[in-house]
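Good morning, colleagues. I should like to use my few minutes to discuss one sheet and the way its strands are put together. Please look at the sequence and the structure as they appear.

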Amino acid sequence: MAIVRKSDRVIQVTVTGGNGTPVTISTLADLEILVYQFPKRIIQRWLLSDSEITTVNNAGGIVSVNFDRANTQTLNFKNDPCLLEVVASFTDIDFEGGIKRDVATGIELSIVEDSPTAYEQ
């Protein structure tokens, strides 16, 4: 999937556990997905608890988010990869605060492209 600057894009993600099987979305305490280019430069962030993530297939672990054109235009497509991070939070009394967080980071979305229409007003 190529991300085009200054365009809206739906990103679909399959959330899997450590064993590679899909996680049932409704069993999560929360889910966070974010797009970034550097660890300290987050482009856009979505939370399941804020209804910013749409469940596509609950048992299959498939969700989607809307990557807004206002945020895609800030991407530095020539030098830096566009990366995705997924943070799944589970209720587990053995962890601090009763929440276990599993993080998958550094997921490359693909080549970030520019288009002729990206330069139009």
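The sheet in this predicted model is an open one, built from 4 strands in the order 4-3-7-8, with antiparallel pairing. Strand 4, residues 41-47, and strand 8, residues 99-110, take the edge positions. Each of these two has a single partner strand, and therefore one side of each is left without a neighbour in the sheet. From one strand to the next, the twist averages 20°.

Let me turn to the pairing of strand 3 with strand 7. Strand 3 covers residues 30-38 and strand 7 covers residues 82-91; 7 bridges join them in the antiparallel sense. Within this pair, Val35 lies opposite Leu84 of strand 7, and Tyr36 lies opposite Leu83 of strand 7. As a general point, side chains in a regular strand alternate between the two faces of the sheet.

Next comes the other partner of strand 7. Strand 7 and strand 8 are paired in the antiparallel sense over 9 bridges. Here Thr91 stands opposite Ile99 in strand 8.

One may then ask: how many of the 10 residues of strand 7 are buried? The count is 8, so strand 7 is mostly covered, buried meaning under 20% relative accessible area.

To recapitulate, strand 7 pairs with strand 3 over 7 bridges and with strand 8 over 9 bridges, while strands 4 and 8 form the edges. Thank you for your attention.

Notes
Residues numbered from 1 in each chain as written. Predicted model: local features only at pLDDT ≥ 70, side-chain atom pairs only at ≥ 80, totals over all residues. Heavy atoms only, no water. Pairing = 2+ DSSP bridges. Axes fitted to C-alpha atoms, helices over the stretch in contact; angles between N-to-C directions. Buried < 20%, exposed > 50% of the residue type's maximum accessible area, 1.4 Å probe, protein only.
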